[in-house]
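Let's take a walk through this one together. Have the sequence and the 3D view open, and follow along step by step.

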Amino acid sequence: MPTYEEEHGLNSTNNNTEGERPNRLTVQQALNNFINTPTDSRNNLSNSINNSINGINNVDFNLLNQMMNSMNTILVDKSNTNNGVSNEFIDRLERVNVKQLKNDDTCPICTNEYKDDSYPLVVELPCNSKHRFDLECIVPWLKINKTCPLCRIDVTIKKELPVLVDSEEEDEDWEMYG
Amino acid sequence: MSSLPKRIIRETERLISDPVPGITATPHEENLRYFDVLLDGPSGSPYENGVFKLELFLPDDYPMAPPMVRFLTKIYHPNIDRLGRICLDVLKNNWSPALQIRTILLSIQALLSSPNPDDPLANEVADEWKNNHDKAIQTAREWTAQYAK
Ligand SMILES: [Zn+2]
Ligand SMILES: [Zn+2]
């Protein structure tokens with residue numbers, strides 16, 4: 001099966017003949033393909049690479065491929081190491097007693113009814129609405145994200161808040177999250 | 001290829017039995033993760049009366065990863081480049097596994113109604129959209145009439 005980049009024309013842009021400097025256009029487009037998520041780190045990366053490419057008319061595509069591969073690795077690594085929650089966090093998630101589950105309650109991720117499983121393991125996130133998910137379904141998400149899939153709240157922040165509200169100064173921080 | 005998760009089967013069934021107005025999504029027979037999508041241009045937008053073809057692919061790690069979607073029909077829009085790639089937050093860093101194919105397609109329909117030239121994917125189109133708005137709308141209408149039939 002072709003990769004997303006192949007499918008979405010990264011290679012076909014090599015044949016671009018519309019621009020005055022087709023190779024440079026291709027570089028920009030190729031980079032944009034990777035840098036379409038506007039986080040600061042990616043913008044900085046893209047700026048520095050765009051800057052270093054400005055002024056080069058003929059780009060060695062092997063070099064470009066190497067650059068893109070290493071960029072991709074950096075971006076993927078970042079998302080895997082920095083964005084998820086810890087295993088301890090997952091272990092501490094509140095487990096929902098099966099008696100609290102209604103017959104037609106469904107997991108928002110797999111869309112199955114919890115009670116399809118005779119022994120469901122359902123957890124509650126520490127977001128305001130205490131959204132529920134199959135443990136099996138929420139773990140792969142929390143390994144790469146800190147947010148509740150339903151309300152998008154950073155589930156790691158809320159746990160720390162009770163510690164913060166002791167002083168007035170930090171009450172302001174509270175409002176920032178509220 | 002591993003067997004199709006129940007969620008995908010359920011989503012597909014619902015897309016067919018209870019379609020979103022103005023959107024049809026039909027899975028390929030030989031690969032049920034691959035959909036042909038037809039999207040009506042929203043009324044009141046320069047894409048009105050156009051029917052746009054898109055393709056949608058559910059990667060192996062869906063729903064942990066978002067669907068991959070692109071326009072096949074040429075479209076003049078500041079957030080869609082000439083390869084049909086779509087700049088839309090829910091398809092990237094704002095994806096959530098609680099979103100579904102239908103919510104994504106609705107978001108794309110909404111993007112046609114409300115382009116965002118400040119977060120462009122097609123830079124020249126975005127410049128035109130901001131600096132020469134009437135002409136940009138006119139071009140979008142012409143492209144719709146020409147390509148989105
Ligand atoms: Zn589930
Ligand atoms: Zn929540």
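**Around the metal site**

Start with two cysteines in chain A: A:Cys107 and A:Cys110 are both buried. Keep in mind that you're looking at a predicted model.

So what are those two doing there? Each offers its SG atom to the zinc ion (ligand 1), and the other protein donors are A:Asp134, through OD, and A:Cys137, through SG. These donors lie 2.1 to 2.3 Å from the zinc ion. Try picking them out in the sequence: their spacing reads C-x2-C-x23-D-x2-C. Now turn to the geometry. The angles among the four donor atoms run from 94 to 118°, and the site is tetrahedral.

Is A:Cys137 buried or exposed? Its relative accessibility is 12%, and buried means under 20%, so A:Cys137 counts as buried. A:Cys148 goes the same way: its relative accessible area is 1%, so this cysteine is buried too.

With cysteines in view, you might wonder about disulfides. A disulfide is a covalent bond between the sulfur atoms of two cysteines. How many disulfides are there over all chains? The count comes to zero.

Now swing over to chain B. Its secondary structure consists of four helices and four strands, and along the sequence they follow the pattern α-β-β-β-β-α-α-α. Chain B has 149 residues, and 52% of them count as buried. Look at its contacts with a separation of 6 or more: 54% of these come from residues 24 or more positions apart. Finally, the outside: chain B exposes about 7,200 Å², with carbon and sulfur atoms supplying 49% of that area.

Note on methods
Residues are numbered from 1 along each chain as its sequence is written. Chains are lettered from A and ligands numbered from 1 in the order in which they are written. This is a predicted model: local features need pLDDT of at least 70, side-chain atom pairs count only at pLDDT 80 or more; totals for chains, interfaces and linings use all residues. Side-chain values use heavy atoms; hydrogens and water are left out. Donors are N, O and S atoms within 2.8 Å of the metal (3.2 Å for Na, K and Ca); water is not among the atoms, so sites may look incomplete. Four donors count as tetrahedral if all angles lie between 85 and 135 degrees; four count as square planar and six as octahedral if opposite donors are over 155 degrees apart and all others between 65 and 115; anything else is irregular. Buried means under 20% relative accessible area, exposed over 50%, partly exposed in between (1.4 Å probe, protein chains only). A disulfide is a pair of cysteine sulfur atoms within 2.5 Å. Helices (H or I, at least four residues) and strands (E, at least two) are DSSP runs, numbered from the N terminus. Contact means heavy atoms within 4.5 Å. Accessible areas come from the Shrake-Rupley method with a 1.4 Å probe; for residues, only the protein chains shown count as cover.
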